[in-house]
Amino acid sequence: MGGGDETGGPGGHGAAQGVPGARRAVEGYLLAQFPWYGLDEAFTGPRWLMQVGMAADGAVEHGSTGHGDEPSLRGELGGEADQRFTVVVTVASRPGRRSPDGNGMLEATSVSSAAWLAGSGLLSCTWPAQMERALRQDWLEQQTAIAWELADDLDGGGWSTLSLPVDGVPTDFLYRESEYGWVLAGAAPHGVHIGAYGRGMSAYGLGFAVVKDIEGYAERTTPAP
């Protein structure tokens with residue numbers, strides 16, 4: 001459903017534009033033919049870039065912007081219960097189309113794509129701290145299968161409806177909570193779908209807006225601890 005590369009973990013941790021890691025992160029975002037979304041100006045905390053996912057032909061398919069604490073940097077230290085973050089996933093709306101090599105078809109993207117990317121992203125940064133490392137892969141595979149099933153059944157009982165502003169316009173999102181955090185997904189203007197996930201920050205009261213200057217966004221990237 002998601003297409004492209006996995007975007008679970010943060011990428012390009014740099015203090016500012018000009019730092020090589022931050023520059024590489026920004027360059028991927030600048031290649032996109034669609035606008036990126038993040039939290040609106042009501043959020044005044046740290047913001048940071050993650051990685052983009054690309055199709056086989058090099059087209060940018062999706063990517064994520066982070067807000068608050070960078071989860072993967074603290075999870076291994078056992079402090080994930082204290083983390084407060086929201087990650088916003090932007091997915092380009094694509095029709096079903098032939099693969100670049102002409103040998104198959106690529107699935108259309110949808111709200112389910114955004115839900116899948118958000119669900120798998122949440123899993124990637126919420127390892128149970130008490131779990132033995134040897135068991136983590138089994139846990140991840142099991143939880144990933146559940147996330148996939150939920151994303152593929154948006155009409156099922158695992159989702160409720162939550163209205164949040166997108167560029168100031170009230171928009172309905174599909175929303176669910178778990179012991180690991182929350183996930184939401186919905187359609188947005190400008191030919192994209194929005195997914196989001198978070199922990200320690202309530203989804204209620206959040207708002208989404210187009211990132212007007214992704215390079216300026218990168219300049220607000222926080223330094224890694």
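**Exercise 1. Find the residue that stands opposite Ala92 in E10, then describe how E10 is paired and covered.**

Solution.
Step 1. Ala92 faces Val192 in E10. Strands here are DSSP runs of E with at least two residues, helices are runs of H or I with at least four, and both are numbered from the N terminus.
Step 2. This is a predicted model, in which local features need pLDDT of at least 70, side-chain atom pairs count only at pLDDT 80 or more, and totals for chains, interfaces and linings use all residues. Residues are numbered from 1 along each chain as its sequence is written, and side-chain values use heavy atoms, with hydrogens and water left out.
Step 3. Strand E4 (residues 85-92) runs antiparallel to E10, joined by eight bridges. Two strands pair if DSSP finds at least two bridges between them.
Step 4. Strand E9 (residues 181-188) is also antiparallel to E10, with seven bridges. One opposite pair is Ala187 and His193.
Step 5. Now check cover. Eight of the eight residues of E10 (residues 192-199) are buried. Buried means under 20% relative accessible area, exposed over 50%, and partly exposed in between (1.4 Å probe, protein chains only).
Step 6. Sort the residues by face. In a regular strand, side chains alternate between the two faces of the sheet. In E10, Val192, Ile194, Ala196 and Gly198 lie on one side, and His193, Gly195, Tyr197 and Arg199 on the other; both faces are covered.

**Exercise 2. Which residue in the E9-E10 turn has a positive phi? Find a residue in the E7-E8 loop as well.**

Solution.
Step 1. E9 and E10 form a hairpin with three residues between them.
Step 2. His190 sits in that loop. Its phi is near 65°, positive although His190 is not a glycine.
Step 3. Move to the loop between strand E7 (160-166) and E8, where Asp167 is placed. Phi of Asp167 is near 50°, again a positive value in a residue other than glycine.
Step 4. Asp167 has a relative accessible area of 35%, so it is partly exposed.

**Exercise 3. Is Thr171 buried or exposed? List what it touches.**

Solution.
Step 1. Locate Thr171 in strand E8 (residues 169-178).
Step 2. Its relative accessible area is 16%, so Thr171 is buried.
Step 3. Look for polar partners. The Thr171 side chain reaches the backbone oxygen of Val169 at 3.0 Å. A polar contact is a pair of N or O atoms within 3.5 Å; within protein, one must be able to donate a hydrogen and the other to accept it, and residues adjacent in sequence count only if both atoms are side-chain atoms.
Step 4. Leave out residues up to four places away in sequence. Thr171 then touches Leu162, Ser163, Leu164, Val166 and Ala187. Contact means heavy atoms within 4.5 Å.

**Exercise 4. Which residue in E3 is the bridge partner of Trp48?**

Solution.
Step 1. E2 and E3 pair in the antiparallel sense over six bridges. They form a hairpin with five residues between them, and Gly58 in the turn has a positive phi of about 90°.
Step 2. The partner of Trp48 is Gly66, found in strand E3 (residues 60-68).
Step 3. Gly66 is buried because its relative accessibility is 0%. The C-alpha atoms of Gly66 and Leu49 are separated by 5.9 Å, although these residues are 17 apart along the chain.
Step 4. Strand E2 (residues 47-54) has six of its eight residues buried, so the rest of the structure largely encloses it.

**Exercise 5. Which residues touch the most other members of the largest nonpolar core? Check H3 too.**

Solution.
Step 1. A nonpolar core is a set of buried Ala, Val, Leu, Ile, Met, Phe, Trp, Tyr and Cys residues joined through side-chain atoms within 4.5 Å. The largest one has 54 residues, and Trp36, Leu184, Ile194, Tyr197 and Phe208 touch the most other members. H3 gives the largest share of this core, eight residues.
Step 2. Take Ile194. Beyond four places in sequence, its contacts include Val88, Ala114, Phe173 and Phe208.
Step 3. Test the length of H3 (residues 111-124). At 1.5 Å a residue, its 14 residues should span 20 Å, and the end C-alpha atoms are 20 Å apart, so the two agree. The expected span is 1.5 Å times one less than the number of residues.
Step 4. Of the 14 residues of H3, 13 are buried. At its start, a side-chain oxygen of Ser110 comes within 3.2 Å of the backbone nitrogen of Ser112.
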